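Trainee: Got a minute? I'd like to go through this one with you.
Mentor: Sure, put it up and ask away.

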Amino acid sequence: MNPKLKRYLTAYAFLLPNGVGFMLFMLLPILVSFGLAFTDCQMLKPNIRFIGFGNFINLLGFYHDSAGWHANDPDFWYYLYNTIFLMIGIPISMAASLGMAILLNQKLKGIVLFRTLFYLPHICSGIAIFMVWRMMYHADVGIINTILGWLDIQGPDWLNSITWAKPALIIMGVWGAAGGNNMIIYLAALKGVPESLFEAADIDGASAWQKFRYVTWPQLAPATFFIFTMSIIGGFQGGFNMAYIMTQGGPSGSTTTIGYYIFNMAYDGELLLGYGSAIAWVLFVLVMGATILNWKCGKSGENDYA
Amino acid sequence: MPDFRTSSVARYAVQYGILVAVSVTTVFPLVWMIGTSLKSAGDPVMSFLPDHPTMSNFARAIEGTSFTRYYINSIIIAVVSTFGQLLTSSMAGFAFARLNFPGRDKIFFAYLATMMIPGAVTMVPLFMIMTAGPEYLNILLGTGMFTEKQYFLNEYYAGRALGIDSYFTIIVPHFFSPFGVFLMRQFFLTIPKEMDEAASIDGCSTFQIYFHVILPMSKPALGALSIFVFMGTWGEFLWPLIMTNSDAMKNLPVGIASFMGEHSTDWPLIMAASTMMMIPMVCVFIAFQKFFVSGIQTGAVKG
C-alpha cells in the first residue's frame, strides 16, 4: 500500500472510535435540535408540523391589547430573571474563593490539610449535599433557624418563601463553589505572582492593602477573567439539580431557572420537544452573547489579557 | 521593642484561627449529615450529635430499600464511562496532536465549536432518539430485540438492550466528550516529539508509540481526566432521571432523590444514604489529590 495512504488510514483509525460517537451523540443531536426548534414536535404525537419561527415568537414575543403590552410567555421572562438573580452568587463566591486561596498561600505547617477541608464541599456537592441543606433550612427543626433563634431572630421558612428561596439557594451555592476549582485556580495564579514585585512594593513602603490592590489583583486578572467567564456560562445553564431537590422550582416558580424550564417543557408533562429545543437555542444565544460581551469588556479594560 | 517571639506566636494564632474558622464553615454541613445519620429514633432532631449513636440507619438503607442496587448501578456507570472516555479521548487526542491527515484542523475546530453548545441543546434530541428510536427499529424490523429485557446470570435484571432503562443509554454518551479530547491533545502537545521519533527509529509502530510512549508519559492528564469523568458521572442527575423508569435502573442521585417522596421526613435514613454516597468521592479525592490540583490547573491555564 501507498505509505502516505497507510499513514492517513492509521490516523483515521485512531480518530474513529471517538469520531463516530461524536457524530452520533453531538453533531447529529445538534442538527436535529436545530430542526426541532422550528416544529411543534411533541413526544407520542405522530404528526410533526413545521411552524417556522412559531416557537420563538411564542417564547420571546409580545402582544398588545387594551391593557397594554404582554409577553406571550411571561413564565420565560420570570425564569430568565430568576436565572440572572441566582448569578448574584458568582461574584460572592469568587471573592470567597480568592480569600480562601490567599489563606492557603501562606507558608504554614499543615496547609495541605486545610486545602482538603476547604475543597470538601466541592467534592461532595450534588444531590446528597442538597438533601443536607434541605434539612438545615427546615423552618422549625433546621439548624440555621435554630442558630438564628439563639440570636433572638425569627428565621424565615427559607425554602417555602418567595422572598427567601432564592437567597437560600445562593448561600448554598456559594458554600459549595467557593472552595472548589476556582479556589485552586486562584491558588495557582497567586503562586505565579513574581516575588520581585512584592519586594519592589516593600521598598516603596506599600501597605498590605496597597500590595494587594496594585500588585496581586492586576496579576490575577487572567484567572479572574477565566473564572468569571466560565461561571457566567455555567450560571445561565445551571440551577436544575439544586432547585429540583430543594424547592421543585417553587414556591410559585420563584426558583425555576431556564434549565429547569426546559426540563418542564421537554421531559415532563406534555413533552413539548419542539418548544424545549427552541428554549435551549435561546439559552445558547444568551450564553454566547454573555461570553462575547465579557470578552469585549476584558479586552477594552486596562489589561489585555482576554 | 516588642518581644519578637510573642508577636510571632500571636500571628500564628491568628493565621490558624482564621483557617480553622473557615474549615468549620466548609465542613459543618458534612458533620451535621454524619451526625444525623447516626441518630436513633428517640434522639431530638435539632441536636448536633446523637444521644444514642446507632448504625441502624445504614442497615435500614441497605436492607429496606433498593439502595444497594443504586450503588451498584452508580459504580458500573462511573467506572465504564471513565474507561470508555479515557480510551476514545486519548486515541483521538493522539491523532490530533501527533498524526497528519486531511481535514485534521477542520475536524478539531468542529470539536472545539461543539464545546460551546449547552448540554441542554443536545439533550432534547438525544432523549427523543433514545426513547423513540428503539421502538421504531422494533416495528421496522418486526422484532422486539431492541427493547428486550436483559438478565445477568438469568436472574438479575440488567435493564433493556436500548432505550429507556438501559445501561447503554445512560453510559455510552459519556464516551465522547469533546472536552476529554481537547484535554488529552493539549497534554500530548507538551510531550517532546523526539520521544516519538526515537521510538519510531527503534521500529515502533504508530500504535506502539501511542501505547508504550505517549500514554505512560501522560499519567497526570489521564489521572485528571479520570477524576473529572468519575466525579461527573457519579453525581450525574438529569440524564439518568429522564432515561430511567424502573427502580432497578436508577443511579444513586436519582435513587436518593426518590427517597424524598417515600421517606420524606426520615432524615436519618436519607442522611445515612447520602453519607454512603459521598464516601467514594472523598476516597478518590484523598488518593488522587495531586492529579486534582494539576488537572484543574491544566484545564484553566492551557485551556
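Trainee: How much area is buried between chain A and chain B?
Mentor: About 7400 Å². Carbon and sulfur atoms give 82% of that area. Keep in mind that this is a predicted model.

Trainee: Which residues of chain A lose the most area to chain B?
Mentor: A:Phe14, A:Phe25 and A:Tyr267. Together they make up 11% of what the chain A side buries.

Trainee: And how many residues are in contact?
Mentor: 80 residues of chain A are in contact with 84 residues of chain B.

Trainee: How many salt bridges does the rule find across that interface?
Mentor: It finds 0 salt bridges between chain A and chain B. For polar contact, the rule gives 10 residue pairs, both residues at pLDDT 80 or more.

Trainee: Which helix gives the largest share of the chain A side?
Mentor: Helix H1 of chain A, residues 3–36. It brings 21 residues to the side that touches chain B.

Trainee: What's the mix by class on that side?
Mentor: The chain A side has 61 nonpolar, 15 polar and 4 charged residues.

Trainee: New topic. How is chain B divided?
Mentor: Into domain 1, residues 1–54, and domain 2, residues 66–302. The C-alpha centres of these two domains of chain B lie 37 Å apart.

Trainee: How many residues does the contact take from each domain of chain B?
Mentor: 6 from domain 1 of chain B and 7 from domain 2 of chain B. The two domains bury about 530 Å² between them, with 85% of it on carbon and sulfur atoms.

Trainee: Which three residues supply most on the domain 1 side?
Mentor: B:Met33, B:Thr36 and B:Ser37. They supply 75% of the area that domain 1 of chain B buries against domain 2 of chain B, more than any other three residues.

Trainee: What about salt bridges between the two domains, how many?
Mentor: The count between domain 1 and domain 2 of chain B is 0 salt bridges. Residue pairs in polar contact also come to 0, counting pairs with both at pLDDT 80 or more. By class, the domain 1 side that touches domain 2 of chain B has 3 nonpolar, 2 polar and 1 charged residues.

Trainee: Last one, strands. In what sense do S1 and S2 of chain B pair?
Mentor: Antiparallel, over 3 bridges. Strand S1 of chain B covers residues 149–152, and strand S2 of chain B covers 156–160. B:Lys149 stands opposite B:Arg160 in S2(B).

Trainee: What sits between the strands of that hairpin?
Mentor: 3 residues. In the hairpin of S1(B) and S2(B), B:Leu153 takes a positive phi near 55 degrees.

Conventions
Residues numbered from 1 in each chain as written. Chains lettered and ligands numbered in written order. Predicted model: local features only at pLDDT ≥ 70, side-chain atom pairs only at ≥ 80, totals over all residues. Heavy atoms only, no water. Domains from an automatic or database assignment. Contact = heavy atoms within 4.5 Å. Buried area = accessible area lost by both parts, 1.4 Å probe. Salt bridge = Lys/Arg side-chain N within 4 Å of Asp/Glu carboxyl O. Polar contact = N/O pair within 3.5 Å; in protein donor to acceptor, adjacent residues only side chain to side chain. Nonpolar A, V, L, I, M, F, W, Y, C, P; charged D, E, K, R; others polar. Helix = DSSP H or I, 4+ residues; strand = E, 2+ residues; numbered from the N terminus. Pairing = 2+ DSSP bridges.
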